[in-house]
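Colleague: I'm new to this one and would like to learn how to read it. Could you walk me through some features, one at a time?

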Amino acid sequence: MKTVLADGECMSGACTAGAKVIGNRYLIFKNRDLIWPDFLDSVVFDDQVLLVEGADVESGLATGAAFGVNVHGLAAANTTVLISDDAPYDDLMERVLRNCVDIESAHELITTEIEAGFRYQWSNFILADPGQVAAVEIGTDHAEIELDSTMIVRTNHHLLLPTSDVLKRASAEAREAGGPLATSQKRRQIASNILASARSTMDIMDLLSTHSEGRGFDSICRHYPQDPRQNPYQGSTVYSYILEAEWDEDGDLEIRIHVAKGTPCSSTYMDFPVDFSLPPTEKEDLIRSFP
């Protein structure tokens, strides 16, 4: 699958992402909100990772990871906080998935890179492993982690890093589909309240299909405005992803991914087993089956 963008366009997604541990499994999810109606995602599946590629905000080219899982059962999703001239955070997320085995080692890699002077656009990383879930908030020169044994949610702002004043002053272009700070805060609170009572994959699908009255920046399932010229950055949910991993007493994992193209309120989720032992030809067949 290829990322389709017109020449000169760049991309930043507004997203609602989270994770929850339910018994002996976790579910990690993401609605991908973009301003391009004809966007097609790009998927990589090899012996180490299955990932949905992100995009370089400067070039618009597919790069890194926006959502995925690795052979160790570490899963990740990200959300944009602020566009800048720094490196795409999707590249950092791919390195996390290719080099880390759990949340602890992922946080260590992120911290080490930032302390070494590498700089990334502001973002949130949602992480899940068979032991816990977490959010890693990435700013200019610092990263903070929130760990939880049960659930975590992030949208397009930080909760731990003191960045709210900057986000309030940020231009519409720098926030793009992330929208005003207040709408991101409302969306995160709604998602968190719904996730608290979620018990099944269907509950997560219902969460990702939830609308605000206007179905705009504050809506988990977002729709294009009637007149895009009045609000060119509102965009719409173009893909919705849910990944579930279940482990037995021996620690063996069974992983599935559910993918819906378009707004999840009106699209059907297709689900696929994620088996890293498949031969390359079967991995390619699975990718071609993605919507």
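Modeller: Happy to. Let's begin with the words helix and strand: these are DSSP runs, at least four residues for a helix and at least two for a strand, numbered from the N terminus. One thing to keep in mind is that this is a predicted model.

Colleague: Okay, so where does E176 sit?

Modeller: E176 is in the loop between helix 4 (172-175) and helix 5 (181-196). Its phi is near 45 degrees, a positive value in a residue other than glycine.

Colleague: And is E176 buried or exposed?

Modeller: For that we need a cut-off: buried means under 20% relative accessible area, exposed over 50%, and partly exposed in between. E176 has 7% relative accessibility, so it counts as buried.

Colleague: Which way does phi go for R215, positive or negative?

Modeller: Positive, at about 60 degrees, although R215 is not a glycine. R215 is in the loop between helix 6 (201-208) and strand 11. It counts as partly exposed because its relative accessibility is 35%.

Colleague: Let's move on to charges. How should I think about salt bridges?

Modeller: Side chains of opposite charge can pair when their charged atoms come close. This structure holds eleven salt bridges. One of them joins the side chains of D47 and K283, at 3.2 Å from N to O. D47 lies in the loop between strand 3 (43-45) and strand 4 (49-55), while K283 is in helix 7, so the pair ties together parts that are 236 residues apart in sequence. K283 is buried, with a relative accessible area of 2%.

Colleague: What else lies in helix 7?

Modeller: L286 does, and this helix covers residues 280-289. L286 is buried too, at a relative accessible area of 10%. Leaving out residues up to four places away in sequence, L286 touches F45, L50, F272 and P273. The C-alpha atoms of L286 and V274 are 9.0 Å apart, with their positions twelve residues apart in sequence.

Colleague: Which residue forms a salt bridge with E137?

Modeller: R154 does, with the closest N and O atoms 3.0 Å apart. This pair links distant parts of the chain: E137 is in strand 8 (residues 132-138) and R154 in strand 10 (residues 151-154), 17 residues apart. Both E137 and R154 are buried. As for networks, salt bridges that share partners join D46, E94 and R98 into one.

Colleague: How far apart are E94 and R98 along the chain?

Modeller: Four residues, about one turn of the helix, and both lie in helix 1 (residues 89-99). Their closest N and O atoms are 2.9 Å apart. E94 is partly exposed at 22% relative accessibility, and R98 is partly exposed at 33%.

Colleague: What does E144 contact beyond its neighbours within four places in sequence?

Modeller: E144 is in contact with A135, V136, E137, L160 and L161. So E137 turns up again, as one of those contacts. E144 itself lies in strand 9 (residues 143-148) and is partly exposed, with a relative accessible area of 31%. The C-alpha atoms of E144 and N124 are separated by 9.7 Å, and the two residues are 20 apart along the chain.

Colleague: Last one: which residues gather in a patch of negative charge on the surface?

Modeller: E246, D248, E249, D250, D252 and E254. Take D248 from that group: D248 lies in the loop between strand 11 (236-247) and strand 12 (253-261). With 39% relative accessibility, D248 counts as partly exposed.

Notes: Residues are numbered from 1 along each chain as its sequence is written. This is a predicted model: local features need pLDDT of at least 70, side-chain atom pairs count only at pLDDT 80 or more; totals for chains, interfaces and linings use all residues. Side-chain values use heavy atoms; hydrogens and water are left out. Patches are made of residues with over 30% relative accessible area and no salt bridge: like charges are joined within 9 Å, nonpolar side chains (Val, Leu, Ile, Met, Phe, Trp, Tyr) within 5 Å. Accessible areas come from the Shrake-Rupley method with a 1.4 Å probe; for residues, only the protein chains shown count as cover. A salt bridge is a side-chain nitrogen of Lys or Arg within 4 Å of a carboxyl oxygen of Asp or Glu. Lys and Arg count as positive and Asp and Glu as negative; His and the chain ends are not counted. The place of a charge is taken as NZ of Lys, CZ of Arg, CG of Asp or CD of Glu. Buried means under 20% relative accessible area, exposed over 50%, partly exposed in between (1.4 Å probe, protein chains only). Contact means heavy atoms within 4.5 Å.
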